[in-house]
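Visitor: Could you walk me through this one? I'd like to hear the reasoning behind the labels.

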Amino acid sequence: MEHYLINGGKTLEGEVVIAGAKNAALGILAAAVMTDDECIIENVPFVSDTRTLLKAIENIGASVRLLDRHTVSICGKGIVGDESLSVDDEYIRRIRASYYLIGALLGKYKYANVALPGGCDIGSRPIDLHIKGFETLGASVDIVNGGKIVARAKSLNGAHIYLDTVSVGATINIMMAAVLAEGKTTIENAAKEPHIVDVANFLNSMGANIKGAGTDVIRIRGVERLHGTEYTIIPDQIEAGTFMALAVATRGNILIKNVIPKHLESISSKLMEMGAKVIEYDDSVRVMADGKLKATHIKTLPYPGFPTDMQAQIAAALALAEGTSVVTESIFENRFRYVSELIKMGAKIKVEGNTAIITGVSGFHGAKVAASDLRAGAALVIAALAAEGESTIEDIKYIKRGYEDFDEKIRAIGGDMSYIPDKENGDQNNNKSDNK
Ligand code: UD1
């Protein structure tokens, strides 16, 4: 089985360049099919989740061309928007963001038929708020045999929608459908994550009229059609945060380039509470830690709170801090599955409900561990790089969903980390050989 082999215990130092935001890219790539004109999108991260979504977009008739490794041209003209339109292939069910095609296709064609979303198993992850939003806009939504969502509408009409729970996916999905609805839509209690703003900016560059993205009330005035655009995706907040936590856990000194420091504030402040030094520049941050780390408490919250997608990585660093830290997960219920693996490396962590109580240890030792989801996998890489001795990390397909060239970037800052391909399949599972 393909895996990462890591020889830990080295201080990581140097520079790393952050890729485009995966979660913004997933919304933007889906939204690009909402016009019959060409959209050119730059800074698309080369990770398996974006490749999978591009394949699904191509399978429904859009033209998808990779202009270079991070620039993609999408033209939705070839999609036949009638009842024959169906998004379902063996890949699309694996990614959560397949649901963005419901909002995009429903907005454009008033019809969508999309396989139910998969994604990392980090909790029940319902999509009731998405469905409620589409229904409020005038669509009928059915879940049909085989786990597909069929949404259709004679016309979509602007409406007032209140989200009972702050949901990134529902905010983006409803926003996409509402852009081509008749009249005004208001989304209240909207999510405020940086990628919501990025998707809204992308749609506005296509001619949409969205105001208030990044606040908890988004106002959309429907337009008749969208046009082509050229757009550059924002840097990935979570990839940047992962390298920040890595610098702290390995007592390193890493300059993390191509970031928006404002998006990293909740992470920076927690790392500083732990005793790290974080220096912000215009579009980079330097994170340094030497000596002892201090325990602290963390609760995950919607943006601008501490991101759930950084919970596992910072817990790996906290497990090496002096004292007791309490980490509370308030977004997803199944996000502590990395704990049993960290314990194999010597961590002392007890999970009670949605809380992890972490008693810091002075060091980890290498072990054979497996990733249970994307961010859990990143936490294990951090722990293995901080540990003395050799570690093997299995199930790295999860890690490849969201980290571009992870092993290469880590080697460039002095980490001893190799990608070992599956013996039978050679290198073909490595996302680098997959050029779409
Ligand atoms: C997105 C991100 C994911 C991140 C999460 C929270 C993408 C592709 N994924 O996931 O990386 O961890 O935001 O920042 O952008 N909920 C409902 N009903 C719904 C929708 C959500 O009850 O219809 C609940 C969820 O169970 C969860 C909470 O709302 O407890 C937040 O989920 P949401 O923000 O929707 O997460 P995703 O969009 O799936």
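Guide: Sure. Let's begin with helix α2, residues 48-59: its 12 residues reach 16 Å from the first C-alpha to the last, close to the 16 Å expected at 1.5 Å a residue. Keep in mind that this is a predicted model.

Visitor: Which residues of α2 are buried?

Guide: D49, T50, R51, T52, L53, L54, A56 and I57 are. These buried residues pack against α1 (22-31), β4 (63-68), β5 (71-75) and α3. Just past the end of α2, G61 has a positive phi of about 110 degrees.

Visitor: You mentioned α3. Why are α3 and α5 called roughly parallel to each other?

Guide: Helix α3 (residues 100-109) and helix α5 (residues 168-179) pack at an angle of about 15 degrees, their axes being 7 Å apart. Angles under 35 degrees count as roughly parallel, and therefore α3 and α5 are roughly parallel to each other. Their crossing is right-handed.

Visitor: What meets what between α3 and α5?

Guide: On the α3 side you have Y100, I102, G103, A104 and G107; they meet V168, G169, I172, N173, M176 and A177 of α5. Sorted by class, that contact has seven nonpolar residues, four polar ones and no charged ones.

Visitor: Back to α1 for a moment. Why does G27 count as buried?

Guide: G27, which lies in helix α1, has a relative accessibility of 0%. Buried means under 20%, so G27 counts as buried. Leaving aside residues up to four places away in sequence, G27 touches Y100, M176 and V199. Two of those names came up a moment ago: Y100 in α3 and M176 in α5.

Visitor: And N189, why is that one called partly exposed?

Guide: Its relative accessible area is 22%. Buried would need a value under 20% and exposed one over 50%, so N189 is partly exposed. N189 is in the loop between β10 (184-188) and α6 (194-205). Phi of N189 is positive, near 60 degrees, and the residue is not a glycine.

Visitor: What is phi like at K110?

Guide: Positive too, about 60 degrees, although K110 is not a glycine. K110 is in the loop between α3 and β6 (111-115).

Visitor: Last one: which two residues does a cis peptide bond join?

Guide: Y303 and P304, with omega at about 10 degrees. You'll find P304 in the loop between β17 (298-299) and α9 (311-318).

Methods: Residues numbered from 1 in each chain as written. Predicted model: local features only at pLDDT ≥ 70, side-chain atom pairs only at ≥ 80, totals over all residues. Heavy atoms only, no water. Axes fitted to C-alpha atoms, helices over the stretch in contact; angles between N-to-C directions. Helix = DSSP H or I, 4+ residues; strand = E, 2+ residues; numbered from the N terminus. Parallel < 35°, antiparallel > 145°, perpendicular 65-115°, else oblique. Left-handed = near helix turned anticlockwise from the far one by under 90°. Contact = heavy atoms within 4.5 Å. Nonpolar A, V, L, I, M, F, W, Y, C, P; charged D, E, K, R; others polar. Expected span 1.5 Å × (residues − 1). Buried < 20%, exposed > 50% of the residue type's maximum accessible area, 1.4 Å probe, protein only.
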